[in-house]
There are 2 protein chains.
Amino acid sequence: MPTPPISQRLAEAAVALFDEHGYDETTVDDIAARAGVSRSTFFRYYRSKEDAIFPDHDTLLDRIAARLRASTADTAIVAITDAVRIVLAHYVDDAEVSLRRYRLVRKVPALRDREIASVARYQRLFREFVGDWLGDSPDAGLRAELMAASVVAAHNQVLRGWLRAGGTYDPSERLDHALGYVIATFRHLEQPQETDQVVVATFSRGASPQAVMAAIRQHLDSRA
Amino acid sequence: MPTPPISQRLAEAAVALFDEHGYDETTVDDIAARAGVSRSTFFRYYRSKEDAIFPDHDTLLDRIAARLRASTADTAIVAITDAVRIVLAHYVDDAEVSLRRYRLVRKVPALRDREIASVARYQRLFREFVGDWLGDSPDAGLRAELMAASVVAAHNQVLRGWLRAGGTYDPSERLDHALGYVIATFRHLEQPQETDQVVVATFSRGASPQAVMAAIRQHLDSRA
DNA sequence: CATATACACGATACTCAGTATCGCCCCTCC
DNA sequence: GGAGGGGCGATACTGAGTATCGTGTATATG
């Protein structure tokens, strides 16, 4: 008989019990019992009770870091966009889990704080990457901080909207729109890109931000 | 004999013990004993062990909210600037306490998360205010999120720099500079475009004006 | 086949944060 | 002087998280 791995059984038991009886009312003993293991085993798989709900931030952070590290300053915008897309896709791919967790996190302050702390880790990652990218240009530290905060805020705004709507649509376009907004916001303050190419692009007044950004991105990609 | 109030004695005892023996190694009993009160009394004044280090976020949040609420949409930028100044001044005025707390928070993950969660409350406050201010204009939610995140990020960047430097200078100018950066960034985006077209062009840094003009003329010709 | 070894799990005991409750003492007001 | 209320101490309890030991099981090695 194919028994799922213990870590998964524990996570499912935790979510189920939190849903049924609430977070504070559920003890680690309850979770372990429901998963058919001992309390000791729970703490072997999860460092804390909260961890049973957030099992994947570490791996996701690793993936983001890898994507950013694989990029150079030239392709920074593409790398950031990709990285944020990876994060959002991670939520969307597991919509059911994301929604259940969202409902839970909204209710329990301890989990809310934990979620916020996790978000800060992403922001820090982006900040360090953008900081390296900007080098020692004037205000590099400030700009890195602002860009990282904006990118993360844009992602969170799109994600929260999607979660509040019950995960009923594909948020990709909204994410691209939001990221385009962020990039456009900072672009006018940045130095011109170093390039061997000359690109002149004109758009009609009614051109959507997506269209503009797509053209820019295509240009940046083509340089690699 | 003028004995300081119990809450203050507790806070001082907590900071002193955290400094001397570390956060995890200090129990609430130790803090209470050093302050000359019982453990019960400690929890009467502070909801948790962490609270003894962050005694003032609630009152500060109230002051910020009051300042923002006293403003209309017309004076929103001034209100936000003032509010952020109030927060920074609160740290600067108690430089010694701020610095000790900063050193402590950097070392203890639990305190770090708590600090981050507190920052999120400020960001939420700004977001709600900016959201009301923007009304139901297009992308109001996204823009409110981005502006709030940027304002808070700017403040934190300035504050962290000041703390890392040991609180040895007046960070007011740096804050104004950072806020000016944020405001300029968003003002640029808020202004409606007056031209019929949006032009996006990148050139190599050393491109001569002739080369630029030639490229543009070539593009324009090719459209005809 | 027998024994050694490594590992995963259970069991137990402990510390300490946080909660609840009771009783006492002192202060104030009637 | 008596009654009530609030601040404080004392006690007991729950539950998270840690440390440690024993035990069974599987794999390797003789």
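This section describes the DNA-facing surfaces, the nonpolar core and two helices of a predicted model. Local features require pLDDT of at least 70, side-chain atom pairs count only at pLDDT 80 or more, and totals for chains, interfaces and linings use all residues. Residues are numbered from 1 along each chain as its sequence is written, and chains are lettered from A and ligands numbered from 1 in the order in which they are written.

Fourteen residues, written here as 14, surround DNA strand D. A residue is near a strand if its C-beta atom, placed from the backbone, lies within 6 Å of it. S48(A), K49(A), S38(B), S40(B) and T41(B) come nearest to strand D. Two or more residues each are given by α2 (28-35) and α3 (39-45) of chain A and by α3 (39-45) of chain B. Helices are DSSP runs (H or I, at least four residues), numbered from the N terminus. The largest share, three residues, belongs to α3(B). By class, the surface near strand D holds four nonpolar, six polar and four charged residues. Here Ala, Val, Leu, Ile, Met, Phe, Trp, Tyr, Cys and Pro count as nonpolar, Asp, Glu, Lys and Arg as charged, and the others, Gly among them, as polar.

DNA strand C also has 14 residues around it. V37(A), S38(A), T41(A), S48(B) and K49(B) come nearest. Elements giving two or more residues are α3 of chain A and α2 (28-35) and α3 of chain B. The largest share near strand C, three residues, comes from α3(A). Its surface comprises four nonpolar, six polar and four charged residues.

In α2(A), I31(A), A32(A) and A35(A) are buried (20 or more other C-beta atoms within 10 Å of the residue's own, all placed from the backbone). These buried residues fall within an arc of 95 degrees seen down the helix axis, so they line one face of α2(A). The arc is that of the directions from the axis to the C-beta atoms. Their cover includes α1 (6-21) and α3 of chain A. G36(A) follows α2(A) with a positive phi near 80 degrees.

The largest nonpolar core has 64 residues. Such a core joins buried Ala, Val, Leu, Ile, Met, Phe, Trp, Tyr and Cys residues through C-beta atoms within 7 Å. V151(A), A154(A), V151(B) and A154(B) touch the most other members. Beyond four places in sequence, V151(A) touches I80(A), V84(A), F126(A) and V182(A) (C-beta atoms, placed from the backbone, within 7 Å).

Helix α8(B) is mostly covered, with 18 of its 25 residues buried. G166(B), just after α8(B), takes a positive phi of about 80 degrees.

Key:
Buried ≥ 20, exposed ≤ 12 C-beta atoms within 10 Å, placed from the backbone. Contact = placed C-beta atoms within 7 Å.
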